[in-house]
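Here is a note to read beside the structure. Take the points in order, and find each element in the model as you go.

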Amino acid sequence: MSELSYTPNEMMTVTAARNLKNGDVCFVGIGLPSAASNLARLIHAPEVVLIYESGTIGAKPHVLPLSIGDGELAETADTVVSVPEIFRYWLQGGRVKVGFLGAAQIDRFANINTTVIGPYENPKVRLPGAGGAPEIASSAQEVWIILKQSLRTFVSKLDFMTSAGHLTGGDSREKSGARGKGPTKVITDMGILEPDPMTKELVLTHIHPGVNVEDVKKATGWELKISPDLKVTTVPTAHELEVLRILNSNTAKKHGAVVTGD
Amino acid sequence: MAKIISLKEAIHEYVKDGSVIAMEGFTHLIPFAAGHEIIRQRKKNLTLIRMTPDLIYDQMIGAGCASKLIFSWGGNPGVGSLHRFRDAVQSGWPVPLKIEEHGHADMASRYQAGASGMPFAVLRGYIGSDLPKYNSNIKSVTCPFTGEKLAATPAINPDVTVIHAQKADKKGNILIQGIIGVQKEAVLASKIAIVTVEEIVDDLNAPVNACVLPHWVVTAVCVVPGGAHPSYAHGYYERDNVFCRNWDLIGREREKFQEWIDKHIYGTADFSEFKKSIQGEL
C-alpha cells in the first residue's frame, strides 16, 4: 500500500475534525479551529452547529472565513444575533458544548496566552489580545485548543495568562468558579494531549504516525508526561485530505490566500 | 428627527478634540469613511473605543488622532498585526497611546450596560486571567443572592458613537442587516450618534423584528455610498481582501504610511474623492 503524503498541519486539522461529533454545538475561533470544524461538518458531522462570535449560529460556509464576521457566515447561518446576545444567551447560558480555541502559548495546565510575548508593558511581540477567549474558556462545557507544538508555544511559564485552563492544576479550576470542564484536549501537529484526571497536567495520550516521543518532549517547555497507554492516531484518509484541500483551495480562490490561521 | 447632513459637517459639529468616540461594526459595516473624515479634520487626543480596532483605528492612530484606545482584539483579520497601533504603543509614534484592554464579552456587556443606563457589566470571563492586573477597570463584585464573585466593568457611554448602515429613510430611521455586531448598543449608549449609510430610501421595507434604529435615537445621518470599504456592506459589496492584505505593507513603515495618508486622505476632499484616488493603486 502506498503511503499518502500529507503535511503535519493537515494531520493536526484532520485529527481535530475527527473529534467533533454530529450535533455538537461548537463555538469556533478563527483560523485552525474554523478549518477543523468545517472539515468535520463536510465529512462526518453535517449537523454540527458552528457558532462564531460575530453572532452567526449554525454557519455553513463554503469557504473558510478570513475574518470572524465574513458575510459568508451570515448568509449560511440558521440565524444571526447581536454580539452581546451571542456571548450572553448562547455562550454564558451554557449552550456551547465545545469552545474551540487557538493560542500563541500554552502551559502544562492548558492555560493560554493570546496577548503578548515578553513583558506586557514592553512586549517583544504584541498579539491581538483576548477577543472572546476568556469567556469561552470559562463558559463552554469543554474547551479544545489547537496549535503547533514547539518550545515557543509549549512554555513552562506563560508570558501572559489571557484565558483560564486548569489554572494551577488539581481542583483549582473547580474552586475558581469557572464553568465547564475546561480544556479536555490539546491537538497539535505532533499528537493529542489531555489533562490527567487528578493533577490536570497535560499528558501526551496520542501521537501522530511517524512522530517519535523524544521529538514531542523536545518540543515541550516542561517535562512532558507520556500516557502509559499512548495511542497512535490514524493517518488522514484520501477522502479527508481531498475535502480539506478542496476547502483550502476554494478559500484561496475566494480570498486570494490560504487561511490556516498560522 | 435625525438631521440629514454631510459627513464633513457631522464630524465637524460633533467630534471634538479630546472626545470619547466609539466606532463599531464587527468586521462588517465598519465606518471607514467617518474614520477618514476624522483624520482629515485633524482631530486630536481622542479616546477611541472599539471591540476590534482593525484597519480603521490603525489609520486613525497612525495619523495621531488618538491618545487612548479601549479594545478587546487588535489585529488585521486573517492578515496579521496592526503596525501603526504597535508603533504607537511601543514607540509613542506619532503620539503616545495608552491602552485599556478587555475581552469581547466584557466590551459587549459594557455597551449593554451603557445602553441600559446601568453602571456596570458583570461576567465570569476573567477567572485566572492576568488582564485585571493591568486594567484597573476590571474589578469584582459579589452576587448578593448566591455569593458568587464576578468580574465587574464600568458601562461604556461614549460622547459620540459612529456606525455605518445599509439604509436610512427620509426621517432618519436606520436599517442594519447581516452581522449586526454591537451597533445598536453602542448607539443607545452614546450621547450623540452619527450614522453613515449606503443610501436614503423612501421606505425601509424592514421586516418585522429587523434591526431598526428609530430616527429619534440618531443625531445625524450622512449618505456615504461605499463608506464601509474595505470592510463590506451585506447586500451591497464584499470585503476588499486585497486592500486589507496590502495595508500590511502600507502600515508597516512610518514613511510609507505617511505618504499614503497625505495622498489619499489629506489630499482628498471627501470619501468619493478618496475612492477615485486609490483606484489602481492597490
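1. **A pair of strands in chain B.** Strands β6(B) and β8(B) run antiparallel and are joined over four bridges. Two strands count as paired if DSSP finds at least two bridges between them. Helices (H or I, at least four residues) and strands (E, at least two) are DSSP runs, numbered from the N terminus. One partnership to look for: B:Val122 is bridged to B:Ala152 in β8(B).

2. **What you are looking at.** This is a predicted model, in which local features need pLDDT of at least 70, side-chain atom pairs count only at pLDDT 80 or more, and totals for chains, interfaces and linings use all residues. Residues are numbered from 1 along each chain as its sequence is written, while chains are lettered from A and ligands numbered from 1 in the order in which they are written.

3. **Two faces of β6(B).** The side chains alternate along this strand. B:Ala121 and B:Leu123 point to one face and are buried. B:Phe120 and B:Val122 point to the other face and are not buried. A residue is buried if 20 or more other C-beta atoms lie within 10 Å of its own, exposed if 12 or fewer, and partly exposed in between; the C-beta atoms are placed from the backbone.

4. **The three-stranded sheet.** In chain B, the order β6-β8-β7 makes an open sheet with antiparallel pairing. Its edge strands are β6 (120-123) and β7 (139-142) of chain B, each pairing on one side only. From one strand to the next, the twist averages 40 degrees. Helix α5 (residues 104-116) of chain B packs on this sheet and touches β6 and β8 of chain B. The direction of α5(B) makes about 145 degrees with that of β6(B). Axes are lines fitted to C-alpha atoms, for helices over the stretch in contact, and angles run from 0 to 180 degrees between N-to-C directions.

5. **The other half of that sheet.** β7(B) and strand β8 (residues 149-154) of chain B run antiparallel, with four bridges between them. There, B:Val141 has B:Leu150 of β8(B) as its bridge partner.

6. **The ten-stranded sheet.** Which strands form the open sheet of chain A? Its order is β4-β3-β2-β1-β5-β10-β11-β12-β13-β14, and the pairing is mixed. The edges are β4 (79-80) and β14 of chain A. Inside the sheet, β1 (residues 25-28) and β5 (residues 98-101) of chain A run parallel, joined by three bridges. A:Cys26 is bridged to A:Val98 in β5(A). Helix α2 (residues 32-43) of chain A lies across β1, β2 (49-52), β5 and β10 (142-146) of chain A, at about 150 degrees to β1(A).

7. **One edge of it.** Strand β13 (residues 202-207) of chain A pairs with β14(A) in the parallel sense, over four bridges. A:Ile207 has A:Val232 as its bridge partner in β14(A). Strand β14 (residues 225-232) of chain A is hardly covered: zero of its eight residues are buried.

8. **An enclosed helix.** Why is helix α2 (residues 32-40) of chain B called largely enclosed by the rest of the structure? Because eight of its nine residues are buried. Among them are B:Phe32, B:His36, B:Glu37 and B:Arg40. Just after α2(B), B:Arg42 takes a positive phi of about 50 degrees.

9. **Where the chains meet.** The contact takes 46 residues from chain B and 42 residues from chain A. Two residues are in contact if their C-beta atoms, placed from the backbone, lie within 7 Å. On the side of chain B, the largest share, six residues, comes from α5(B). In α8(B), B:Trp247 and B:Ile250 are among the buried residues. The cover over the buried residues of α8(B) includes α8 (238-255) of chain A.

10. **Confidence.** Chain A averages a pLDDT of 94, and 97% of the residues score at least 70. pLDDT is the predictor's confidence in each residue, from 0 to 100. Look with care at residues 258-262 of chain A, where pLDDT stays under 50. Where pLDDT is low, the predicted coordinates should not be read in detail.
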